[in-house]
Amino acid sequence: MSIEDRRRTAEEIIAYLRGKGYIKTRAEIDSRTGECRISMIHVDGGSLWINLRDKPPSLLAEFCNIYEEIHALAFGLIHSCTRLRPLGYSEIAKEDFSPELIADLQHEYHYYRGAFWALRIVIVLALLLLTGSLETAAHLMGW
């Protein structure tokens, strides 16, 4: 698809959504890939983000494509190595984190917990293979 075709498609989408109460806040087309990103807000306060692509994104690009997700994922990995249990959702606000990081962790809490437990399970499986110690493995799982 040419850049001009992509621009026309984006304009049609924007016009359609304008009729549904959305206002375009930003639209850009990457001249190398033809990827188009459109950001909109609704008159009632909701937001909408659209990404037009010719090819599906990679797994990493799909699931870690905004900084909030990356922050939550990184802290989940860090805490998996430094804490026995992940932070509970209600504990996040009590931590000595910046307000932005607190908001990121609360908004993307599922990334935090997923990263915490994924790495912890890998560590426990490696420990079981290397030492065979069920007691230590159970302790690392919080039992």
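## Exercises around helix α4

In this predicted model, Leu-101, Ile-102, Asp-104 and Leu-105 of helix α4 are the buried residues to start from.

**Exercise 1.** Work out how the buried residues of α4 are arranged when you look down the axis of the helix.

*Solution.* Start with the buried set: Leu-101, Ile-102, Asp-104 and Leu-105. Look along the axis of α4 and these buried residues fall within an arc of 160°, so they line one face of the helix. Now flip to the other side of α4, where Pro-99, Glu-100 and His-107 are exposed. Last step: ask what the buried residues pack against, and you get α3 (67-82) and α5.

**Exercise 2.** Classify the packing of α3 and α4 from their angle, then sort the contact residues by class.

*Solution.* The two helices pack at about 85°, and their axes are 8 Å apart. Angles of 65 to 115 degrees count as roughly perpendicular, so α3 is roughly perpendicular to α4. Next, who's touching? α3 brings Tyr-67, Glu-68, His-71, Ala-72 and Phe-75, while α4 brings Leu-101, Asp-104 and Leu-105. Sort that contact by class and you find 5 nonpolar, 1 polar and 2 charged residues.

**Exercise 3.** Do the same for α4 and α5.

*Solution.* Helix α4 covers residues 99-107 and helix α5 covers residues 109-131; they pack at about 80° with axes 4 Å apart. That angle makes α4 roughly perpendicular to α5. On the α4 side the contact uses Leu-105, Gln-106 and His-107, and these meet Tyr-109, His-110 and Tyr-112 of α5. By class, that's 3 nonpolar and 3 polar residues, with no charged ones.

**Exercise 4.** Place Val-124, decide whether it is buried or exposed, and list its contacts beyond its neighbours within four places in sequence.

*Solution.* First, location: Val-124 sits in helix α5. Its relative accessible area is 7%; the cut-off for buried is under 20%, so Val-124 is buried. Skip the neighbours within four places in sequence, and Val-124 is in contact with Ala-137, Leu-140 and Met-141. For a sense of distance, pick Ile-3: it lies 121 residues from Val-124 along the chain, and their C-alpha atoms are separated by 50 Å.

**Exercise 5.** How many disulfides are there in the whole structure, and are Cys-36 and Cys-81 buried or exposed?

*Solution.* A search of the whole structure turns up 0 disulfides. Now take the two cysteines in turn. Cys-36 has 1% relative accessibility, so Cys-36 is buried. Cys-81 comes out at 56%, and the cut-off for exposed is over 50%, so Cys-81 is exposed.

Conventions
Residues numbered from 1 in each chain as written. Predicted model: local features only at pLDDT ≥ 70, side-chain atom pairs only at ≥ 80, totals over all residues. Heavy atoms only, no water. Axes fitted to C-alpha atoms, helices over the stretch in contact; angles between N-to-C directions. Parallel < 35°, antiparallel > 145°, perpendicular 65-115°, else oblique. Contact = heavy atoms within 4.5 Å. Nonpolar A, V, L, I, M, F, W, Y, C, P; charged D, E, K, R; others polar. Disulfide = S-S within 2.5 Å. Buried < 20%, exposed > 50% of the residue type's maximum accessible area, 1.4 Å probe, protein only. Arc of directions from axis to C-beta.
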